Amino acid sequence: MSETEKIIDNIKNKFTQDILNTEVKSKRRATITIPGSALTKMADFLYSDMNFRFITASALESGKGFEIYYHFSNDKTGLVFNIHVVLPKNKPEIESLTCLFEAASWIEREMHEILGINFLNHPNLEKLISEGNWAEGVYPYRKEQQ
Amino acid sequence: MKFDYMSKPTIIPIGPYHPLQAEPELFKLYCDGEIVKDVKWETGYNHRGIEKLSESKTFDQVFFLVERICGICSTSHPFAFANCMEEIVNVEIPDRAKYIRSIIGELERIHSHLLWAGLAGHFLGYNTVFMWVWKYREPVLDLFEIITGNRNSYAMFKIGGVRRDIPNNLVPTIQKNLDALKHKLDLLIGVVMDDPVIHARTKGVGVLTKQDIINFAAVGPTARASGVAIDVRQDDPYAAYPLVNWKVITAEEGDVFAKIAVRLLEMHESVSIIEQCLEGLKKEKEGDIEVKVKNVPEGMGTGRAEAPRGEVFHFVTTDGGYSPVRHKVRAPSYTNISTFKKSCVGQTISDATISLAAVDPCYCCTERMAMVYDYYNKKPILSGKDMIKLSQQKTEELKKKL
């Protein structure tokens, strides 16, 4: 059993109820889809217990709604572990991870700005990129803008 | 009504523009006398919408686009993007292409670290170091010109391999340049590591603890100087790095001196990697530099590469067409810059310049600080030049004392 499989099994046992889909692409790449409500506890488990490093998060709009991939890195095995959540189009909001690590702050502000995803309990959800010179309520990366 | 000037902290702006820098930002230092009390930052001055642009380009064109994200480490973004796309296509590139990729990547690390060392010297008041180091950097850029045709923005990468070969008859020329460089590096490392003034000026300044690094998710030399031994080249090996012997350089102290030491010693490792890659090139057949990739299937990929400043991360989703559906780029400075808040608070203004510089990207900010007037007392506050002068004065005073 490879190191990655052990890690995935460990996570699966801990969050049996929450996991919607698991995709292990290779020894060093894996993605788990969970509902938005389970994000904080899973991120906390990865960061605090498994010592994963938060790389960044990528958000996109698709037919399913707004998708966010939270990328974590396990530097011992080179595993890039993605937590995938799908948020509904009419109410895209999710709990902020800033309470766990400072590194989430900027990227959440950026996602809020370009796609209009609301991060609950973020200490300072101001615009990051276009401070003061972009219209309120217009989100450049949304499909309706294209 | 008399306004109470004294209770207002002085705001010192650092930034926002410099043409050298990938990410211009504005730092505002809130100072009480000499001591920095708080730091606020504003970013996005040079947001070029590259992620969005990428969605309207073909995969081949995206290489040229991401190459222009950064002017100094212009190969790390194509490197990460190539790793990412090759994960989606699921292709293994020929060994010769791997060696060539690593040679370009390491030459870039050397020229970037030399550039940094020169600027660090300038900020500390060692202008001779600045001149010398940039002189040593020239032969590295010449090597780039010989290999790729360009001194910067090399356009060497493509999905499945590299665009140009390094002919075997070029290997002795490259080796000769490297030998000369090694000699100069020894000289530089000796001078910097043994100088008592540099020790006094940089030790214990701008300290980042291991926990700070983990909290801010800092990467690259910034993390390694605080004892966090992360390096994508070793952790998630790509290109020729698993084929050669080298070690990750770390230091424990987390101060500016540790960051200087890590960067300087890393250059020797880079030279050694290049030499081993050149040996590797001799064994491989000339011209075998790519695997033809006809189309990119639907999928999602995450690619990373170790740039001179740390891990570059690319995320791409594809739908079977010719362009990315979503392309997310995270440069190392994005996480490293935020550590500034930790490393500068509680320091004097003259140390803020070098603390800021130690992270590397912020260098360029300091070069071009805006001269801004304080609204309340209409007095001009410190400009970039003033701050560098303060930093250099402190070194001068130390020199006299020692």
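Two residues are in contact if their C-beta atoms, placed from the backbone, lie within 7 Å. Keep in mind that this is a predicted model, where local features need pLDDT of at least 70, side-chain atom pairs count only at pLDDT 80 or more, and totals for chains, interfaces and linings use all residues. Residues are numbered from 1 along each chain as its sequence is written, while chains are lettered from A and ligands numbered from 1 in the order in which they are written.

**View 1. Where the two domains of chain B meet.** Chain B splits into domain 1 (10-46 + 348-401) and domain 2 (56-334), with the bounds coming from an automatic or database domain assignment. Here 21 residues of domain 1 of chain B are in contact with 21 residues of domain 2 of chain B. On the domain 1 side, helix 14 (349-358) and helix 16 (384-401) of chain B each chip in at least two residues. Helix 16 of chain B has the largest share, eight residues. Helices (H or I, at least four residues) and strands (E, at least two) are DSSP runs, numbered from the N terminus. By class, this side of domain 1 of chain B has ten nonpolar, five polar and six charged residues. Ala, Val, Leu, Ile, Met, Phe, Trp, Tyr, Cys and Pro count as nonpolar, Asp, Glu, Lys and Arg as charged, and the others, Gly among them, as polar.

**View 2. Chain A against chain B.** This time 23 residues of chain A are in contact with 22 residues of chain B. Strand 3, strand 4 and strand 5 of chain A each bring at least two residues to the side of chain A that touches chain B. Strand 3 of chain A gives the most, with six residues. The tally for this side of chain A is eleven nonpolar, six polar and six charged residues. For the whole model, the scores are ipTM 0.95 and pTM 0.89.

**View 3. The strands of chain A, hairpin by hairpin.** Strand 3 and strand 4 of chain A pair in the antiparallel sense over nine bridges; strands count as paired if DSSP finds at least two bridges between them. Two residues sit between these strands in their hairpin, and A:Thr56 stands opposite A:His71 in strand 4 of chain A. Strand 4 of chain A also pairs with strand 5 of chain A, again antiparallel over nine bridges, and A:Asn74 has A:Leu79 of strand 5 of chain A as its bridge partner. That hairpin has four residues between the strands, and A:Gly78 takes a positive phi near 75° there.

**View 4. Helix 2 of chain A and what covers it.** Which residues of helix 2 (residues 39-49) of chain A are buried? They are A:Met42, A:Ala43, A:Leu46 and A:Tyr47. They cover an arc of only 120° around the axis, which puts them on the same side of helix 2 of chain A; the arc is that of the directions from the helix axis to the C-beta atoms. Buried means that 20 or more other C-beta atoms lie within 10 Å of a residue's own, exposed 12 or fewer, and partly exposed in between, with C-beta atoms placed from the backbone. The cover includes strand 3 (53-62), strand 4 (65-74) and strand 5 (79-87) of chain A. Turned away from the buried side are the exposed A:Ser48 and A:Asp49. Just after helix 2 of chain A, A:Asn51 takes a positive phi of about 60°.
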